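Me: I have a model open and would like to talk through its charged side chains. Could you help me see how each label is earned?

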Amino acid sequence: MITFALSLLALIAGYFIYGRFVEKVFGPDDRPTPAVAKADGVDFMVLPSWKIFMIQFLNIAGTGPIFGAIMGAKFGPAAYFWIVFGCIFAGATHDYLSGMLSIRNGGANLPEIVGKYLGNVPKQVMLIFSVFLLMMVAAVFVYSPASLLQKLCMDNAPAVELLSSSTFWIIVIFVYYIIATMMPIDKIIGKIYPLFAFSLLFMAVALMGMLFVKQPDIPEVWEGVGEASLTAKNIFPCLFITIACGAISGFHATQSPLMARCVKSERMGRPIFYGAMITEGLVALIWATVAMYFFYNDPTPGYQEMAGGQDVISKAPGIVNLICENWLGVFGSILAILGVVAAPITSGDTALRSARLIIADFIYLEQKSIRKRLYVCIPLFSAVIALLIWQMANPEGFDVIWSWFGWSNQTLSVFTLWAITVYLARAHKNYLITLIPALFMTVVCVTYLFAEQIFSLDMIYASVIACVTGVLAFGWFLIWYSKFNKSQK
């Protein structure tokens, strides 16, 4: 618990110290923001700063900092290092600067930003890459809450056959997706998202209180970072892919433009973008510690003290339900349902909203009229439904999509970090704050691709390929930067 307490303090200090430093590097000013200059009553509009923060937090979080942290806790106290340092120096920096670049570029989506700073070919790659990632998010976040709702109804209302059908719940969620994606951002997202965000935060704070009451005996970092691991997977690179939303996630850069189009002043950027990511890191830290109690608590792991036992040890949703029910009672069960069911649904609908806006911007189709929104939404939803049908028909479909989602998510952050690095270099600002995370995440993603995702190469060979890729990427940057400096003279 000492490591946990120190990690909490480190994240909070990171917001006030390093967050202020990153803000100073960027240099927000008083120029009109897209919410003011391009107001359209649908996607561009000024919202209260507290509401933007809550929506941004829920958009980037969902169940990511819960499920990812639970799975990452099996790597032992190494998870603390990645959540703290990854969140402060990589994730929150990535989120703040990508959000601010969107504001500076008229509320531009991620492919537009990447295209501006890395060129047209990366822009086309990012367009396909980001839209496909968002479709995977939507497919994953339809299937998992639908299955949980089906199970809840089978357990509590088995006589109602319709409610016990996963197909019924998939249809219900898709209908909600269509409505939320099509409606102006203040009608549904602006009204219900702050409530769900509050639920996630309240659940995390309540669990943190219980941790300090119980004071579980869990591994500390000085007892050995790798020795306590409960998984056969390598800490590098698997930990850095498993815990994404609590440390750094490329998905966030697809969501930040939604709120960049609602911010009244650039000076709100640090609490909204950097602050939301630090808050997500705090949630991930709490859930990682709760999971360590569940896995490690000496002499009796938490799962042995609760109904369900050993069979739920590898199932993140089951752990969430058991912990909340046993520690927080009936109210905790309600919060668990909100966290495990509502949060992924809200992540799915904002993913589709982002995909709609990315496609619309690419084909220069305005989105003020409902008819033109349908032009994008109909083929987009059709593609997601096809992906979902394949996922349900294939026994390994969910695992396949989830594994590719994890790698794609972090690879997206690599493109974003490199684009931001080029922007900072062009603006003669301190580009090291994103160059170092960009190089690190490049090596992580290439190693994972060759060692875990495709070729199953020995870690030595995969690491060599990844390091060579990192060196080539660094060399490309140095050559570009040298040419850029010469062109400025």
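**Charged side chains and their partners**

Reply: Happy to! This is a predicted model. A good place to begin is Glu280, which is buried yet has no salt bridge. The nearest side chain of opposite charge, Arg270, is 17 Å away.

Me: What makes Glu280 a residue with no salt bridge?

Reply: A salt bridge needs a side-chain nitrogen of Lys or Arg within 4 Å of a carboxyl oxygen of Asp or Glu. For Glu280, the nearest side chain of opposite charge is 17 Å away, so the rule is not met.

Me: Where is Glu280, and what is it in contact with?

Reply: Glu280 sits in helix 13, residues 269-296. Setting aside neighbours within four places in sequence, its contacts are Phe57, Ile60, Ala61, Pro65, Cys245, Gly246 and His252.

Me: Which residue does Arg270 pair with, and why is that called a salt bridge?

Reply: Arg270 pairs with Glu23, at 3.1 Å from N to O. The cut-off is 4 Å, so the pair qualifies. The two belong to distant parts of the chain, with Arg270 in helix 13 and Glu23 in helix 2 (residues 18-26), 247 residues apart. Both Arg270 and Glu23 are buried.

Me: How do you know that Lys123 is buried while Glu112 is partly exposed?

Reply: Buried means under 20% relative accessible area, and Lys123 has 15%, so the label fits. Glu112 is at 26%, between the 20% and 50% limits, and therefore counts as partly exposed. Lys123 and Glu112 form a salt bridge, with their closest N and O atoms 3.5 Å apart. Lys123 lies in helix 8 (residues 120-156) and Glu112 in helix 7 (residues 110-118), so the pair ties together parts eleven residues apart in sequence.

Me: What makes Lys233 and Glu452 a salt bridge?

Reply: Their N to O distance is 3.9 Å. That is within 4 Å, so this pair counts too. Lys233 lies in the loop between helix 10 (189-214) and helix 11 (235-242), and Glu452 in helix 17 (residues 432-453), so parts 219 residues apart in sequence are tied together.

Me: Why are Lys233 and Glu452 called partly exposed?

Reply: Partly exposed lies between the 20% and 50% limits. Lys233 is at 47% relative accessibility and Glu452 has 27%, so the label holds for both.

Me: Which residues are joined into one network, and how many salt bridges are there?

Reply: Asp29, Arg31, Arg104 and Glu266 are joined into one network by salt bridges that share partners. The count comes to twelve salt bridges.

How values were computed: Residues numbered from 1 in each chain as written. Predicted model: local features only at pLDDT ≥ 70, side-chain atom pairs only at ≥ 80, totals over all residues. Heavy atoms only, no water. Helix = DSSP H or I, 4+ residues; strand = E, 2+ residues; numbered from the N terminus. Buried < 20%, exposed > 50% of the residue type's maximum accessible area, 1.4 Å probe, protein only. Lys, Arg positive; Asp, Glu negative; His and termini not counted. Contact = heavy atoms within 4.5 Å.
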